[in-house]
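Visitor: Could we take a close look at a single part of this model, and then work outward from there? I'd enjoy a guided walk with the numbers at hand.

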Amino acid sequence: TGAGQLRIEVAACGICGSDLSMSKDPCRFVSVAAGAGFPLAVFDHTRPVVLGHEYAGTVVECGSGVTDFAVGDRVAGIGVATEEATGIPTIIGYSNAYHGAFGEFIVVDAFWVRKVPDGLSLEHATLAEPLHVGEMHVQQSGLTAADTALVIGCGSIGLGTVLAAKAHGAHTVIAVEPSPKRRELAAKMGADIVVDPAEQDPIALWNTMGAEGRTGGGILIAYECSGRVGTLNSLTHTLPFGSRIQVVASPFGEETIIPVVAQFRQIAINFGHGPYHEAYETVLRRLADGEIDAEAIITGRVGLDGLTAAFEALRNPEEHVKILVLPGA
C-alpha cells in the first residue's frame, strides 16, 4: 500500500455493466475513455487486467497517513487508487497496476472508503456502489414532489434510480422494462407503474394521466438507464415539451441525435452535471436500515471459478440482475 491507501481482503464484489462492456470489447472501452480525456479508465488493453470495483471487505493493512481506519474494519466504497509515481487516479479493475476485486485483495485510496454499518452484511454492502449512481443522478436532475420519474431500464442502475426517485418524493415513478423479472423487481423497489414497452407506450400513458389531472402538475423527467443506442434520439422526439432527460447509463457506441429537435421541444439533457450530496453514504445507510431489499436484487453468487459463466448469464436479462463474486468461496 502507498501513502493514504488501504489493502483490503475482498469478501464480495458485484459484476457491473461496465465490466460486461469492457470484457466484450476492451479496445473500444479504452479508446472511448482515452478520447474523452478520462484517465480513470485508461490502461493497456493488450496486457492482463483483473476486473471488479463494486467491492466490500476487511482492512488488512493501512498505508502511512491513514488515521480513520484500522486493521479489521469492515469496509466498502468507491474503488479508486492513485498511482504514486504519476498522481493520476485510476478505477481499480480498469488498470494494469491496480487490479480489481475479482481477486482476494485490492489496494484503494482510503479517501473513497467507508465503514460498513454494524448489522449490514458485506455482501449487501456491495450494492451501495451501483445503487448510489441512481441517488446521485436523481439529486442532479432537480426532481421535485410534483414531478414524474420515467425510469427506462431496470437493471441495478435503474432499480437504484427507482429507489432514489421514491425516496425523494416523486409524485409518480414509472418503470419501463421489457424483462418480466426486472419489472417485478422494479415494483418491489417502489415503482408506482411498471410498463412493458412492447405492450404500452409509457409517454402516451403519462400524457393520458396529465389529461386526467393525475400527474401532480410537474414535469416528466426521463432517467435513461438502459444504455441502449437509439434511446436518446427516441426520447428527444417523443417526450412532452419542457421535459428533461437525465442520462444515467450510457452506451459505448455512437448515437445520432438531431439537436434542434430537443431545442424545438425545449428538452434539457443532463449527462451527470450538477451538485449532489453524500449519495454513496445515503444508500449505504438505507441498506443498513433495511429500507432496501438487497437480497431481492442479488440474483446469484459465484466463486472465482464461476466468473465466465456469470458474465454470460448477465447478458440475458431474464436470468439475472446482480451477481456477486465471492473470492473466498
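Guide: With pleasure! One yardstick before we set off: a residue is called buried under 20% relative accessible area, exposed over 50%, and partly exposed in between. Please also keep in mind that this is a predicted model.

Let's begin at the second largest pocket. Rolling a probe the size of a water molecule over the atoms shows where empty space is left. The second largest pocket holds about 270 Å³ of space, and 17 residues line it. Nearest its centre are I152, V176, P197, P202 and T231. Two or more lining residues come from each of β8 (148-152), α7 (202-211) and α8 (231-238). The largest share, four residues, is given by α8. Sorted by class, the lining has eight nonpolar, six polar and three charged residues.

From the pocket, let's turn to the paired charges. Side chains of opposite charge can pair when their charged atoms come close. The count here is ten salt bridges. One of them joins D196 to R183, with the closest N and O atoms 3.6 Å apart. D196 sits in the loop between β10 (193-195) and α7, while R183 belongs to helix α6 (residues 180-188), so this pair ties together parts that are 13 residues apart in sequence. D196 counts as buried because its relative accessible area of 18% is under 20%. R183, at 17%, is buried as well.

Two other pairs make a useful contrast in exposure. R214 and E212 form a salt bridge whose closest N and O atoms are 2.7 Å apart. R214 is partly exposed because its 41% relative accessibility lies between the limits of 20% and 50%. E212, at 48%, is also partly exposed. Next come D289 and R285, a salt bridge with its closest N and O atoms 3.4 Å apart. D289 has a relative accessible area of 49% and is partly exposed, as is R285 at 39%. Elsewhere, salt bridges with shared partners link E123, E295 and R301 into one network.

Now for the surface. I258, V260 and F264 make a nonpolar patch of about 290 Å². F264 is placed in helix α9 (residues 259-264) and counts as exposed because its 59% relative accessibility is over 50%.

A backbone detail comes next. Most residues other than glycine have a negative phi, and most peptide bonds are trans. Q266 has a phi near 55°, a positive value in a residue other than glycine. Its place is in the loop between α9 and β13 (268-270), and at 60% relative accessibility Q266 counts as exposed. E278 has a positive phi too, about 50°, although it is not a glycine. This residue is found in the loop between β13 and α10, where E278 is partly exposed at 43%.

Our last stop is A279, in helix α10 (residues 279-288). A279 is buried, with just 2% relative accessibility. To tie this end of the walk back to where we started, compare A279 with P202, one of the residues nearest the centre of the second largest pocket: A279 and P202 are 77 residues apart in sequence and 28 Å apart in space, C-alpha to C-alpha.

Key: Residues are numbered from 1 along each chain as its sequence is written. This is a predicted model: local features need pLDDT of at least 70, side-chain atom pairs count only at pLDDT 80 or more; totals for chains, interfaces and linings use all residues. Side-chain values use heavy atoms; hydrogens and water are left out. On a 1 Å grid over the protein atoms alone, a cavity is a set of points where a 1.4 Å probe fits but cannot get out, and a pocket is an open set with protein on both sides within 12 Å along at least five of seven lines; lining residues have an atom within 4 Å of a point. Grid points are joined across faces, edges and corners, and a volume is the space filled by probe spheres set on the points. Ala, Val, Leu, Ile, Met, Phe, Trp, Tyr, Cys and Pro count as nonpolar, Asp, Glu, Lys and Arg as charged, and the others, Gly among them, as polar. A salt bridge is a side-chain nitrogen of Lys or Arg within 4 Å of a carboxyl oxygen of Asp or Glu. Buried means under 20% relative accessible area, exposed over 50%, partly exposed in between (1.4 Å probe, protein chains only). Patches are made of residues with over 30% relative accessible area and no salt bridge: like charges are joined within 9 Å, nonpolar side chains (Val, Leu, Ile, Met, Phe, Trp, Tyr) within 5 Å. Accessible areas come from the Shrake-Rupley method with a 1.4 Å probe; for residues, only the protein chains shown count as cover.
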